[in-house]
Amino acid sequence: LKKIRQEALEKRKVKETSGAAQVIVGMGTCGIAAGARETMKAVLDFIEQNNIENVVVTQTGCIGICEQEPILQVAIGDGEKTTYGKVSPDVAGKIMQSHVVDGKVLKENSIQI
């Protein structure tokens with residue numbers, strides 16, 4: 001997964017300090033057990049397949065709401081983070097299209113923390 005992530009970052013010339021959109025995937029133990037690796041791969045694949053630029057994809061440890069794993073957070077520019085729960089690879093693609101590309105929060109998958 002690290003190799004896939006690094007290749008995608010290099011292809012997009014994304015640096016961790018820049019980008020209009022930030023996507024954070026919770027990769028704590030419970031997140032990984034719930035499928036966070038597949039969610040991360042789906043996010044990176046979506047970026048690659050759609051030639052999207054200015055998106056920073058990072059991972060973090062436990063976000064603290066294990067029952068909602070896999071968790072994905074999206075922030076556009078300096079805006080507030082939106083947290084999404086139970087993010088399967090299919091849902092990750094929908095979030096990327098709706099929130100990151102179109103700028104619209106996908107309310108049916110967002111959660112309050």
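Which side chain makes a polar contact with the side chain of Thr83? I looked this up in a predicted model. The partner is the side chain of Gln73, at 3.1 Å.

**Entry 1: Thr83**

I placed Thr83 in strand S4, residues 82-84. I noted a relative accessibility of 5%, so Thr83 counts as buried. I then listed its contacts, leaving aside neighbours within four places in sequence. Gln73 is among them, as are Ile65, Ile71 and Leu72. The list also holds Asn109, Ser110, Ile111 and Ile113.

**Entry 2: Leu72 and the core**

I went on to Leu72, which touches Thr83 and also Thr82, Tyr84, Val87 and Ile95, with residues up to four places away not counted. On the same terms, Leu72 touches Val23, Ile24, Val25, Thr39 and Val43.

I checked the largest nonpolar core, which has 25 residues. Leu72 is one of the members that touch the most other members, together with Val23, Val43, Val55, Val57 and Ile95. I asked which elements supply at least two residues each: these are strand S1 (21-26), H3, strand S2 (55-60), strand S3 (72-76) and helix H4 (89-101). H3 gives the most, with 7 residues.

**Entry 3: Helix H3**

I looked at H3 next. The helix runs over residues 36-49 and has 14 residues. From first C-alpha to last it reaches 20 Å, close to the 20 Å expected at 1.5 Å a residue. I noted its buried residues as Ala36, Thr39, Met40, Ala42, Val43, Leu44, Phe46 and Ile47.

How many salt bridges does the structure hold? I found 1. The side chains of Asp45 and Lys41 meet in it, at 3.0 Å, N to O. Both residues lie in H3, 4 residues apart, about one turn of the helix. In an α-helix there are 3.6 residues a turn, so residues three or four places apart point the same way. I recorded Asp45 as partly exposed, at 27% relative accessibility, and Lys41 as partly exposed too, at 36%.

**Entry 4: Backbone notes**

I followed the chain past H3 to Asn51, in the loop between H3 and S2. Its phi is near 50°, a positive value in a residue other than glycine. Asn51 counts as exposed, at 53% relative accessibility.

Lys86 has a positive phi as well, about 55°, and is not a glycine. I placed Lys86 in the loop between S4 and H4. Leaving aside neighbours within four places in sequence, I listed its contacts as Glu67, Gln68, Glu69 and Pro70. Two of these contacts, Glu69 and Pro70, are joined by a cis peptide bond with omega about -10°. Pro70 is in the loop between S2 and S3.

**Entry 5: Cysteines**

I measured off nothing by hand here and took the computed distances. Lys86 and Cys62 are 24 residues apart in sequence and 14 Å apart in space, C-alpha to C-alpha.

Why does Cys62 have no disulfide to Cys66? The sulfur of Cys66 is the closest cysteine sulfur to that of Cys62, yet the distance is 4.2 Å, too far for a bond. The sulfur of Cys66 has its own closest cysteine sulfur in Cys30, at 3.3 Å, and that is also too far for a bond. The cut-off I used is 2.5 Å between cysteine sulfur atoms. By this rule I counted 0 disulfides. I noted Cys66 as partly exposed, with a relative accessible area of 39%.

Conventions
Residues are numbered from 1 along each chain as its sequence is written. This is a predicted model: local features need pLDDT of at least 70, side-chain atom pairs count only at pLDDT 80 or more; totals for chains, interfaces and linings use all residues. Side-chain values use heavy atoms; hydrogens and water are left out. Buried means under 20% relative accessible area, exposed over 50%, partly exposed in between (1.4 Å probe, protein chains only). The expected span of a helix is 1.5 Å times one less than its number of residues. A nonpolar core is a set of buried Ala, Val, Leu, Ile, Met, Phe, Trp, Tyr and Cys residues joined through side-chain atoms within 4.5 Å. Contact means heavy atoms within 4.5 Å. A polar contact is a pair of N or O atoms within 3.5 Å; within protein, one must be able to donate a hydrogen and the other to accept it, and residues adjacent in sequence count only if both atoms are side-chain atoms. A salt bridge is a side-chain nitrogen of Lys or Arg within 4 Å of a carboxyl oxygen of Asp or Glu.
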